[in-house]
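Here's a quick walk through this model, starting with a sheet and moving out to the way the chains sit together. Have a look at it first.

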Number of protein chains: 4
Amino acid sequence: MLEGLKEIVWKANLDLVRFGLVTLTFGNASGRDRKSGLVAIKPSGVSYEKMEPSDIVLLDLSGKTVEGELRPSSDAPTHLELYRAFPEIGGIAHTHSECAAMFAQAGREIPCLGTTHADIFHGPVPVTRRLRRAEVLKEYEKNTGKVIAERFGKLNPREIPGVLVAGHGPFTWGETVAEAVENSLLLEKIARMALGTLLLQPSRGVFPAYLLEKHFRRKHGPDAYYGQKKGIKK
Amino acid sequence: MLEGLKEIVWKANLDLVRFGLVTLTFGNASGRDRKSGLVAIKPSGVSYEKMEPSDIVLLDLSGKTVEGELRPSSDAPTHLELYRAFPEIGGIAHTHSECAAMFAQAGREIPCLGTTHADIFHGPVPVTRRLRRAEVLKEYEKNTGKVIAERFGKLNPREIPGVLVAGHGPFTWGETVAEAVENSLLLEKIARMALGTLLLQPSRGVFPAYLLEKHFRRKHGPDAYYGQKKGIKK
Amino acid sequence: MLEGLKEIVWKANLDLVRFGLVTLTFGNASGRDRKSGLVAIKPSGVSYEKMEPSDIVLLDLSGKTVEGELRPSSDAPTHLELYRAFPEIGGIAHTHSECAAMFAQAGREIPCLGTTHADIFHGPVPVTRRLRRAEVLKEYEKNTGKVIAERFGKLNPREIPGVLVAGHGPFTWGETVAEAVENSLLLEKIARMALGTLLLQPSRGVFPAYLLEKHFRRKHGPDAYYGQKKGIKK
Amino acid sequence: MLEGLKEIVWKANLDLVRFGLVTLTFGNASGRDRKSGLVAIKPSGVSYEKMEPSDIVLLDLSGKTVEGELRPSSDAPTHLELYRAFPEIGGIAHTHSECAAMFAQAGREIPCLGTTHADIFHGPVPVTRRLRRAEVLKEYEKNTGKVIAERFGKLNPREIPGVLVAGHGPFTWGETVAEAVENSLLLEKIARMALGTLLLQPSRGVFPAYLLEKHFRRKHGPDAYYGQKKGIKK
């Protein structure tokens with residue numbers, strides 16, 4: 001059932017390792033089937049080297065396992081909460097990639113300091129509030145998804161395709177799981193560049209709002225002109 | 001004798017190199033046979049490329065060579081002291097991995113700043129006091145083990161699976177030598193993330209005690225729910 | 001048409017990835033044919049893995065596509081502006097390499113702190129002013145080239161083979177596209193070394209002007225004595 | 001002539017690249033034949049990929065080419081000066097490795113902050129004074145060797161196997177060229193660890209003089225007990 005999606009999700013999880021974003025089993029990626037609404041996700045604590053496409057677990061949005069013999073990722077309730085909150089997204093990735101995690105651990109958003117950032121995020125990469133004691137004690141992973149959704153409020157998840165969970169690390173998403181993984185890679189790069197930039201104490205006003213707007217719209221939305229036309233080699 | 005353990009210890013030493021934790025011969029790993037109490041350890045100053053499983057040296061807990069033609073690692077007395085002090089552990093790894101060594105050299109413990117840390121260490125990564133002159137002049141390596149044991153006092157080595165020796169570098173341990181090596185890898189990652197987080201000047205209270213408790217217990221002890229049930233693919 | 005140049009430009013673009021200077025499609029390189037004046041450039045948003053020499057687009061200096069079925073790099077107008085402003089150059093590379101981008105994002109030039117820098121750049125690596133709103137809204141990429149040319153004023157592009165665009169990242173150039181790519185690699189190295197040097201708070205006067213002059217002239221101009229004589233193995 | 005030495009020097013130069021210490025052609029290594037006193041050194045500006053053992057140039061101590069069709073490294077006069085000043089050494093390596101160069105560019109010695117350092121250097125890694133104008137204008141490379149020798153004064157080059165040239169980068173040496181290359185690798189590691197340690201603001205007295213003495217003597221001199229006995233697998 002949904003063998004194609006399971007293979008894509010399996011490959012996306014391996015890409016997290018290949019891109020250097022995941023150490024041991026610290027990360028996971030999932031994809032959603034638009035028709036059935038089912039979610040395919042990495043099994044919990046299984047080594048990437050041994051994982052096969054058939055190990056990918058299929059869940060419905062309530063968290064019930066529809067197919068698969070292994071336990072789903074312990075972060076599955078976070079993924080499901082995000083799929084419920086953001087109907088427009090089709091894939092999610094979670095890592096503990098080092099520089100993004102530094103900002104998450106510091107409880108600081110990543111300000112937009114340059115065009116690399118503006119190409120992907122239409123504004124700062126937000127950081128959630130920390131979870132309260134009661135939110136941690138019960139349904140911790142689900143509540144992690146809820147504080148992300150709460151943080152977004154009026155933010156558009158299509159234009160801000162990721163978040164830092166305070167004291168934890170990044171979640172990213174996209175139309176597909178492959179896009180979610182790419183966004184994890186770019187978020188890590190943005191974070192590393194921001195760390196160095198902040199150490200250099202940037203002069204004010206180097207990156208004005210109109211440049212953010214320009215760069216984001218070069219790649220996203222109806223006036224995008226980066227890349228090739230649809231159907232052309234990519 | 002104990003060929004299986006020797007092969008496991010040999011492989012664990014190679015993993016230290018593969019994970020980028022060891023430069024030249026700066027590191028070593030050992031494993032303990034539960035039945036006989038014997039310890040299998042890397043020979044001293046032998047290049048990783050040329051080392052074979054049969055080069056692994058077998059020692060009894062007093063430090064006497066039971067099997068092997070090469071000298072054991074010069075750090076063997078530290079390993080043996082730790083096996084005596086912590087009967088519950090079955091493997092030890094020692095490296096000069098860069099970021100963990102930075103904290104050790106600075107004489108600073110690594111505070112728990114995020115979930116990656118809390119997944120492995122149930123509290124800060126402790127740092128020993130520096131060794132006194134007399135402790136260095138005589139039985140230096142044995143005394144290194146003693147100051148680690150002294151530092152632990154009421155700490156539980158199963159819940160704090162590693163330490164920073166002031167002015168030196170990290171030692172980690174686990175139920176097996178493979179787990180000890182994994183903990184070396186994760187300690188290095190935790191240290192790198194902590195360094196960056198501290199440079200970003202984290203806001204207070206991002207990582208509360210209840211979140212530390214939650215994350216550690218997700219993976220360790222009777223209520224752990226991370227990963228697969230015993231006997232299932234890992 | 002110009003198949004040789006297209007192959008060279010294709011290879012130069014792959015080298016940007018091989019040297020670790022480009023993530024996903026964040027970078028591009030071009031070369032100019034001296035006789036015809038045509039410019040060969042990477043297509044926009046095409047993955048490096050799938051790109052073939054025949055995908056390289058040929059443009060005239062006005063930006064008209066002379067050969068090629070794909071859209072040229074969205075940064076092509078910047079390249080063309082630079083070829084117009086600096087008739088002496090034959091190749092250009094653009095990346096978002098991390099440390100060079102940190103300085104660009106901070107709006108700070110890279111001061112000459114050592115001989116590695118002086119071997120390549122005859123003075124600080126300059127940073128442009130930020131683009132004004134109107135320059136961003138209309139002909140943004142062309143204006144990016146114009147602010148680079150404006151910044152150069154009396155600077156000699158043969159002696160300063162690169163620049164940081166404020167809030168964006170580096171452009172480098174050379175007699176050939178291969179030289180432009182090498183300069184991107186060295187600029188990233190210079191930037192990384194400068195970041196660390198500045199964190200160490202260098203003592204004043206470590207690198208005097210006469211040492212800059214000496215090192216640059218060892219490798220460039222009529223009195224150069226580094227390397228082999230022309231026609232000898234290189 | 002001296003084909004064996006040429007092959008060893010050729011391999012040592014390739015190791016500099018393999019260890020990540022050299023970018024493009026920024027580095028060189030040489031070895032001295034004890035009997036003849038001749039020095040085998042890398043040719044200038046030749047790419048590491050194309051270099052063959054037969055390209056290695058043989059010089060006498062005055063700098064005259066005894067064998068070889070290519071120009072020797074432009075840094076050859078520095079090497080020769082060091083061989084004259086330090087009769088006990090048999091090999092030299094020079095790189096622009098990043099972290100060692102950061103300290104050189106900052107004009108700061110590397111203090112001994114831990115056992116990794118103490119295993120190799122019996123004290124801080126010294127930094128030279130900067131060269132004066134006249135020393136740069138005439139016989140620059142030879143004078144680079146002279147300021148190193150001047151800096152050593154009472155220091156013992158067997159116990160301090162390397163130096164930072166202010167505003168430039170590191171030179172290391174050893175009994176053989178292979179040892180010189182290993183010392184370049186370890187110096188880079190020591191420098192990277194020192195940079196991070198200094199950012200963490202180390203508490204005073206973490207690394208006392210008696211620990212420096214102990215660690216250095218574990219590996220060097222008549223009382224060394226690290227590694228295997230002579231003639232045993234290494």
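In chain D, seven strands make an open sheet in the order β4-β3-β2-β1-β5-β7-β6, with antiparallel pairing. Its edge strands are β4 (65-67) and β6 (162-165) of chain D, each of which pairs on one side only. From one strand to the next, the twist averages 25°. A word on terms: helices (H or I, at least four residues) and strands (E, at least two) are DSSP runs, numbered from the N terminus, and two strands pair if DSSP finds at least two bridges between them.

Some ground rules before going further. This is a predicted model, where local features need pLDDT of at least 70, side-chain atom pairs count only at pLDDT 80 or more, and totals for chains, interfaces and linings use all residues. Residues are numbered from 1 along each chain as its sequence is written, chains are lettered from A and ligands numbered from 1 in the order in which they are written, and side-chain values use heavy atoms, with hydrogens and water left out.

**Around β5 of chain D**

Strand β5 (residues 91-95) of chain D is a good place to zoom in. Five of its five residues are buried, so β5(D) is largely enclosed by the rest of the structure; buried means under 20% relative accessible area, exposed over 50%, partly exposed in between (1.4 Å probe, protein chains only). Both faces are covered, with G91(D), A93(D) and T95(D) buried on one side and I92(D) and H94(D) buried on the other.

Here are the strands that β5(D) pairs with:

| Partner of β5(D) | Bridges | Sense |
|---|---|---|
| β1 (residues 27-32) of chain D | five bridges | antiparallel |
| β7 (residues 169-174) of chain D | four bridges | antiparallel |

On the β1 side, G27(D) has T95(D) as its bridge partner. Towards β7(D), I92(D) is bridged to W173(D), while H94(D) stands opposite F171(D).

Two helices join in, with contact meaning heavy atoms within 4.5 Å. Helix α1 (residues 3-18) of chain D packs on the sheet, touching β1, β2 (39-41), β3 (57-59), β4 and β5 of chain D, and its direction makes about 155° with that of β1(D). Helix α7 (residues 177-199) of chain D lies across β1, β5, β6 and β7 of chain D, running at about 140° to β7(D). Angles run from 0 to 180 degrees between N-to-C directions, and axes are lines fitted to C-alpha atoms, for helices over the stretch in contact.

**A residue in chain B**

N183(B) lies in helix α7 (residues 177-199) of chain B. Is N183(B) buried or exposed? N183(B) is buried, with a relative accessible area of 8%. Leaving aside residues up to four places away in sequence, N183(B) touches I120(B), P161(B), T172(B) and W173(B).

**How the chains relate**

A turn of 90° and a shift of 0.0 Å along the axis lay chain D on chain B with an RMSD of 0.0 Å. That is the relation of a four-fold axis. Copies are superposed by least squares on the C-alpha atoms of residues with pLDDT of at least 70 in both. L199(D) comes closest to the rotation axis of the residues of chain D, at 5.8 Å (C-alpha). Only 3% of the interface residues of chain D are also interface residues in chain B, so the copies meet through different surfaces.

Some chains don't meet: no contact joins chain B and chain C, whose closest C-alpha atoms lie 12 Å apart. Chain A and chain D do not touch either, with their nearest C-alpha atoms 12 Å apart.
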